[in-house]
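Here is a friendly walk through one model, from its core out to its charged pairs. Please keep the sequence and the 3D view open as you read.

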Amino acid sequence: QVQLVESGGGLVQPGGSLRLSCAASGSIFTMYGTAWYRQAPGKQRELVAHISSGGSTNYADSVKGRFAISRDNAKNTVYLQMNSLKPEDTAVYYCNLGIQVTTSSIPKVYWGQGTQVTVSS
């Protein structure tokens, strides 16, 4: 059984920073591509950033230059460093991890429970 626990969300003023974490626990053989998504009220969930198992990264145009995704494979954890936050970054942020639990199992996608990020003065 794999569980994901997100942390790091909260209320921050415009221009501030937050660092989100998503830690996977349980039976984990290896972690594949991981990503962060967000969903603002009344909007569809959107991809914010993705990092491959090899470390290649991709970002939504709206966060390029401000956000940075990283991962620690030894800790089965993915991070999202968010700088220069704007009110339009306000949303619930979800992590998304591709995990293979045994050497013979098929990789599956797991979602975190979501963490609220509010950018407001």
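The largest nonpolar core has 30 residues, and those that touch the most other members are Leu4, Trp36, Leu80, Met82, Tyr93, Leu97 and Ile99. A nonpolar core here is a set of buried Ala, Val, Leu, Ile, Met, Phe, Trp, Tyr and Cys residues joined through side-chain atoms within 4.5 Å. Buried means under 20% relative accessible area, exposed over 50%, and partly exposed in between, with a 1.4 Å probe and protein chains only. Two or more residues of this core come from each of β1 (2-7), β3, β4 (30-39), β5 (46-51), β7 (67-72), β8 (77-82), β9 and β11 (115-119). The most generous of these elements is β9, which gives five residues to the core. Strands (E, at least two residues) and helices (H or I, at least four) are DSSP runs, numbered from the N terminus.

A word on the basis of all this: the model is predicted, local features need pLDDT of at least 70, side-chain atom pairs count only at pLDDT 80 or more, and totals for chains, interfaces and linings use all residues. Residues are numbered from 1 along each chain as its sequence is written, and side-chain values use heavy atoms, with hydrogens and water left out.

**The disulfide**

How many disulfides are there? The count comes to one, taking a disulfide as a pair of cysteine sulfur atoms within 2.5 Å. Its partners are Cys22 and Cys95, with their sulfur atoms 2.0 Å apart. The link of Cys22 and Cys95 is right-handed, with 50° about the S-S bond. It connects distant parts of the chain, since Cys22 belongs to strand β3 (residues 18-26) and Cys95 to strand β9 (residues 91-100), 73 residues apart. Is each cysteine buried or exposed? Cys22 counts as buried because its relative accessibility is 0%, and Cys95 counts as buried because its relative accessibility is 0%.

**The four-stranded sheet**

Now turn to the open sheet of four strands, which has the order β1-β3-β8-β7 and antiparallel pairing. Two strands pair if DSSP finds at least two bridges between them. At the edges are β1 and β7, each of which pairs on one side only. On average, neighbouring strands of this sheet are turned by 15° against each other, direction ignored. For such angles, axes are lines fitted to C-alpha atoms (for helices over the stretch in contact), and values run from 0 to 180 degrees between N-to-C directions.

Within the sheet, β8 is a good strand to follow. It is largely enclosed by the rest of the structure, because five of its six residues are buried. Antiparallel β3 and β8 are joined by six bridges. Ser21 stands opposite Tyr79 in β8, and Leu18 has Met82 in β8 as its bridge partner. Six bridges also join β7 to β8, again antiparallel, and here Arg71 has Val78 in β8 as its bridge partner. The hairpin of β7 and β8 has four residues between the strands, and in it Asn76 takes a positive phi near 50°.

**Charged pairs**

The count of salt bridges comes to four, where a salt bridge is a side-chain nitrogen of Lys or Arg within 4 Å of a carboxyl oxygen of Asp or Glu. Three of them are listed here.

| Pair | Closest N to O distance |
|---|---|
| Glu46 and Arg38 | 2.7 Å |
| Lys64 and Asp61 | 3.1 Å |
| Arg66 and Asp89 | 2.7 Å |

Arg66 lies in the loop between β6 (57-59) and β7, and Asp89 in the loop between β8 and β9, so this pair ties together parts that are 23 residues apart in sequence. Both Arg66 and Asp89 are buried. Salt bridges that share partners join Arg38, Glu46, Arg66 and Asp89 into one network.

Other members of these pairs vary in accessibility. Arg38 counts as buried at 6% relative accessibility, while Glu46 counts as partly exposed at 34%. Asp61, at 65% relative accessibility, counts as exposed.

**A loop contact**

One last stop is Ser105, in the loop between β9 and β10 (108-111). Ser105 is buried, with a relative accessible area of 18%. A polar atom of the Ser105 side chain lies 3.0 Å from the backbone nitrogen of Thr102.

Note on methods. A polar contact is a pair of N or O atoms within 3.5 Å; within protein, one must be able to donate a hydrogen and the other to accept it, and residues adjacent in sequence count only if both atoms are side-chain atoms.
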